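Me: I want to go through this structure label by label. Each time, I will ask what justifies the term.

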Amino acid sequence: MNLAAELANRRPESLDELADRCRAAGLMLERPVTADDFGRAQAALDAWERVVDAAGEQERADLLNRMLAEAAAYPRLTSHAGTGWHLHYRDAEQPLGSVLFTLFAVGTALHLAGRGMRRLRRCETTDCDLAFADTSRTGRQRYCSQRCANRDAVRRHRARAALT
């Protein structure tokens with residue numbers, strides 16, 4: 001799900017950039033990235049952002065269930081390229097765009113089911129709208145980064161100081 005947020009917050013602008021950022025996130029690319037992959041990845045990011053921006057839990061679940069129905073196949077054990085056995089929630093031999101769609105859907109569903117349906121949001125800093133998954137212990141993360149949290153604290157401090 002962190003890959004979904006990272007790609008959604010700064011959309012890849014080329015096939016090479018998409019491939020490089022997926023590799024940097026640890027994905028093994030088993031075939032060249034195509035224009036179809038790029039389009040499918042953009043569609044996956046659009047769908048994921050609708051989940052982020054859902055007004056309530058039921059709407060979020062409905063949107064995510066649509067993604068899951070479109071993306072996921074039955075889970076299967078796989079071992080490829082010496083990485084050891086692990087689960088894939090997709091059919092074998094899928095192109096990158098479909099893999100990303102499935103990863104975003106399944107990863108988000110696991111995160112929200114395990115941590116709470118409200119643990120996906122946008123940064124609360126006035127001039128930032130980045131999406132993030134709340135992985136805090138308390139479930140009260142309000143900012144996408146420590147930088148935004150610090151900026152907002154400084155803004156609030158200055159606003160209070162201006163009143164005195």
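**Labels and their grounds**

Reply: A starting point is E49, which touches A8, R11 and R122 once residues up to four places away in sequence are set aside. The model is predicted.

Me: Where does E49 sit, and why is it called buried?

Reply: E49 lies in helix α3. Its relative accessible area is 16%. Buried means under 20%, so E49 with its 16% qualifies.

Me: Which salt-bridge network includes E49?

Reply: Salt bridges link R11, D46, E49, D53 and R122 in a network. A search of the whole structure gives 18 salt bridges.

Me: What makes R31 and E93 a salt bridge?

Reply: Their side chains meet at 3.0 Å, N to O. The limit is 4 Å between a side-chain nitrogen of Lys or Arg and a carboxyl oxygen of Asp or Glu, so the pair R31 and E93 at 3.0 Å counts. The pair links distant parts of the chain: R31 is in the loop between α2 and α3, E93 is in the loop between β2 and α5, and they are 62 residues apart.

Me: Why is R31 called partly exposed and E93 exposed?

Reply: R31 has 33% relative accessibility, and E93 has a relative accessible area of 58%. Exposed means over 50%, and partly exposed lies between 20% and 50%. E93 is therefore exposed, and R31 is partly exposed.

Me: How do you know that R118 and E57 form a salt bridge?

Reply: Their closest N and O atoms are 2.9 Å apart. That meets the 4 Å cut-off. This pair, too, links distant parts of the chain: R118 is in the loop between α5 and β3 (120-122), E57 is in helix α4, and 61 residues separate them. R118 is exposed at 58%, whereas E57 is partly exposed at 37%.

Me: What about E6 and R10: which distance supports their salt bridge?

Reply: The side chains of E6 and R10 meet at 3.6 Å, N to O, within the 4 Å limit. Both count as partly exposed, E6 at 32% and R10 at 48%.

Me: Which residues of helix α1 are buried, and what do they pack against?

Reply: In α1 (residues 2-9), L3, A4, A5, L7 and A8 are buried. The buried residues of α1 pack against α2 (15-24), α3 (35-52), α5 (96-115) and β4 (131-133).

Me: How many residues form the largest nonpolar core, and which element gives the most to it?

Reply: The largest core has 33 residues; those with the most contacts inside it are L18, W48, M67, L100, F104 and L120. Two or more residues come from each of α1, α2, α3, α4 (57-71), α5 and β4. Helix α3 gives the most, with eight residues. Beyond its neighbours within four places in sequence, F104 contacts L3, A4, L7, A44, L45, W48 and M67. A second, separate core of five residues includes C123, C128, Y143 and C148.

Me: Why is W85 called exposed, and which patch includes W85?

Reply: W85 has a relative accessible area of 65%. Exposed requires over 50%, so W85 at 65% passes. W85 is in the loop between β1 (76-78) and β2 (86-88). L77, W85 and L87 form a nonpolar surface patch, with about 400 Å² of accessible area together.

Key:
Residues are numbered from 1 along each chain as its sequence is written. This is a predicted model: local features need pLDDT of at least 70, side-chain atom pairs count only at pLDDT 80 or more; totals for chains, interfaces and linings use all residues. Side-chain values use heavy atoms; hydrogens and water are left out. Patches are made of residues with over 30% relative accessible area and no salt bridge: like charges are joined within 9 Å, nonpolar side chains (Val, Leu, Ile, Met, Phe, Trp, Tyr) within 5 Å. Accessible areas come from the Shrake-Rupley method with a 1.4 Å probe; for residues, only the protein chains shown count as cover. Helices (H or I, at least four residues) and strands (E, at least two) are DSSP runs, numbered from the N terminus. Buried means under 20% relative accessible area, exposed over 50%, partly exposed in between (1.4 Å probe, protein chains only). Contact means heavy atoms within 4.5 Å. A nonpolar core is a set of buried Ala, Val, Leu, Ile, Met, Phe, Trp, Tyr and Cys residues joined through side-chain atoms within 4.5 Å.
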